[in-house]
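Take a walk through this fold, one layer at a time. Sheets come before helices, and ligands come last.

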Amino acid sequence: MVSQPVVEVLVTGGAGFIGSNFVLHALASHSNWHITTLDKLTYAGRLDNLRDITDNTRHTFVHGDVTDPTIVEPLVHRANIIVHFAAETHVDRSLRAAGDFITTDVYGSFVLLDAARQADQLHRFIQISTDEVYGSVESGSSVETDEIRPRNPYAASKAGADRLAYSYWATHEVPVVITRASNNYGPRQFPEKVIPLFVTNAIDHQFLPLYGDGLQIRDWLHVNDHCRAIDLLIERGKNGEVYNIGGANEVTNIELANRILTILDRPSSLIKQVSDRPGHDRRYSLDTTKLRSLGWQQEHQFSEGLRTTVEWYQNNDWWWRPIKENDPAYREYYEAQYGKSSE
Ligand code: NAD
Ligand code: DAU
């Protein structure tokens, strides 16, 4: 048997939620890939997320910051593929303090892209953007050519990085493909995001803090379907193009809360309406025709995916209890966001 040449893949933010799911997926799907994960291990990044591959010789972990060119440049210069997930990602935190979002999401993307100008072996740079760059979508669905209208500091930072990545393709021919995915759900999502927050609160008979009237709509995408889409775009995406990745599962937040409570056999009285998020985008909705034309379709229906995700948090409280119960930074954030009386 002729062995295939090794493909060097750099994954930034690979110790976070989507990044870790992508690293595990990619190692299992590509026997000739060697993956280097570069991650700062912020509050959202955890080596526990990669513990299943601790002994895998096809994976190397580098602890470092994407804004540091001395770390980034040698990693970028030997990469064939870069998948850039690393970011500050929580909208509510960006409303409290946006500095880290500008630094990591915008400047960090610049450091990677600028290093990529000199990366002779690079044939794909996947810039992980988000559907939030389109802003609130009152009717219809966003197509990739729509104007972007980000409405919160997180979304604006991601939009800056999205367009910066495009500019490095247009001017320097860095082989950039930009993805804009909808809300992901699945295992190992930090319990500040709505699904793991509501699930773990419901497990413990605590209130589910629902913002405003709860009629905001999000389009839920299983993280494994997202990973398969990125994989496809590495292979078949066209440089300089944007691809929406959506789940075709538009659900209001109040319905989401009720579905979680039903799965866990908890009363709907656990839902507690709290102050709305300032500038809360009412709805996101993606047209995914372009991605589907390359052969992608989702494998996970939301009802089944939500049930298995709830089961994952039930079966893996070793993963989230230490964060929720023992991490002073999480407690501080939770109390500032929801108040002491919220449990
Ligand atoms: P996450 O918050 O779970 O993980 C982010 C990771 O980036 C963490 O491991 C963190 O340690 C790392 N990181 C942060 N700052 C860094 C820095 N300066 N240098 C190196 N590493 C750093 O995020 P996620 O939900 O997995 O999101 C991953 C990417 O996908 C982000 O770019 C996000 O904008 C995008 N995205 C997320 C969703 C979603 O629903 N979660 C949807 C669309 C797009
Ligand atoms: O759409 C993609 C984006 O999805 C990603 O780019 C972001 O990184 C990711 O965090 C996510 O952003 P959202 O703001 O949509 O996700 P979040 O889980 O914070 O909130 C989902 C919805 O639930 C939103 O309408 C706000 C609401 N919500 C959230 C929390 C945390 C509540 O009602 N109560 C809450 O306590």
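**Sheets, helices and two ligands**

Three strands, 3 in number, build an open sheet in the order β7-β9-β11, and its pairing is mixed. The model is predicted. In this sheet β7 (183-185) and β11 (250-252) are the edge strands. Each has a single partner strand, so one side of each is left without a neighbour in the sheet. From one strand to the next, the twist averages 50°.

Now look at one pairing in detail. Strand β9 (residues 217-222) runs antiparallel to β11, and 3 bridges connect the pair. Within β9 and β11, Ile217 stands opposite Thr252.

Two helices lie on this sheet. Helix α8 (residues 253-263) lies across β9 and β11, at about 85° to β11. Helix α10 (residues 302-315) lies across β7, β9 and β11. The direction of α10 makes about 55° with β7.

Next comes the sheet of 7 strands. It is open too, in the order β3-β2-β1-β4-β5-β6-β10, and the pairing is parallel. Here β3 (59-63) and β10 (242-245) stand at the edges. Each of these has a single partner strand, so one side of each is left without a neighbour in the sheet. The twist averages 20° from one strand to the next.

At one end of that order, strand β6 (residues 176-181) and β10 run parallel, joined by 4 bridges. Ala181 stands opposite Ile245 in β10.

Helices cover this sheet as well. Helix α2 (residues 69-77) lies across β1 (7-12), β2 (33-39), β3 and β4 (81-84). The angle between α2 and β2 is about 165°. Helix α4 packs on the sheet and touches β1, β4, β5 (124-130) and β6. The directions of α4 and β5 make about 160°.

Helix α4 also has a helix partner. The axes of α4 (residues 99-116) and α5 (residues 153-172) come within 8 Å and cross at roughly 10°. Angles under 35 degrees count as roughly parallel, so α4 is roughly parallel to α5. From α4, the contact uses Phe101, Ile102, Asp105, Val106, Ser109, Phe110, Leu113 and Asp114. From α5, the contact uses Tyr154, Ser157, Lys158, Ala161, Leu164, Ala165 and Tyr168. By class, the contact between α4 and α5 has 10 nonpolar, 2 polar and 3 charged residues.

Finally, turn to the ligands. Which residues come nearest to ligand 1? Of the 28 residues around ligand 1, they are Ile18, Asp39, Thr89, Tyr154 and Lys158. Tyr154 and Lys158 are also among the α5 residues that meet α4. Three polar pairs can be traced at ligand 1. A polar backbone atom of Phe17 is 3.0 Å from an oxygen atom of ligand 1. A nitrogen atom of ligand 1 is 2.9 Å from an N or O atom in the side chain of Asp65. A polar backbone atom of Asn184 is 2.8 Å from an oxygen atom of ligand 1.

Ligand 2 has 24 residues around it, and Asp131, Tyr154, Arg277, His280 and Tyr338 come nearest. Tyr154 thus appears in the nearest set of ligand 1 and in that of ligand 2. An oxygen atom of ligand 2 lies 2.8 Å from a polar side-chain atom of Asn183. A polar backbone atom of Val194 is 2.8 Å from an oxygen atom of ligand 2. For Tyr338, an N or O atom in the side chain is 2.7 Å from an oxygen atom of ligand 2.

Conventions
Residues are numbered from 1 along each chain as its sequence is written. Chains are lettered from A and ligands numbered from 1 in the order in which they are written. This is a predicted model: local features need pLDDT of at least 70, side-chain atom pairs count only at pLDDT 80 or more; totals for chains, interfaces and linings use all residues. Side-chain values use heavy atoms; hydrogens and water are left out. Axes are lines fitted to C-alpha atoms, for helices over the stretch in contact, and angles run from 0 to 180 degrees between N-to-C directions. Angles under 35 degrees count as roughly parallel, over 145 as roughly antiparallel, 65 to 115 as roughly perpendicular and the rest as oblique. Contact means heavy atoms within 4.5 Å. Ala, Val, Leu, Ile, Met, Phe, Trp, Tyr, Cys and Pro count as nonpolar, Asp, Glu, Lys and Arg as charged, and the others, Gly among them, as polar. Two strands pair if DSSP finds at least two bridges between them. A residue is near a molecule or strand if one of its heavy atoms lies within 4 Å of it. A polar contact is a pair of N or O atoms within 3.5 Å; within protein, one must be able to donate a hydrogen and the other to accept it, and residues adjacent in sequence count only if both atoms are side-chain atoms.
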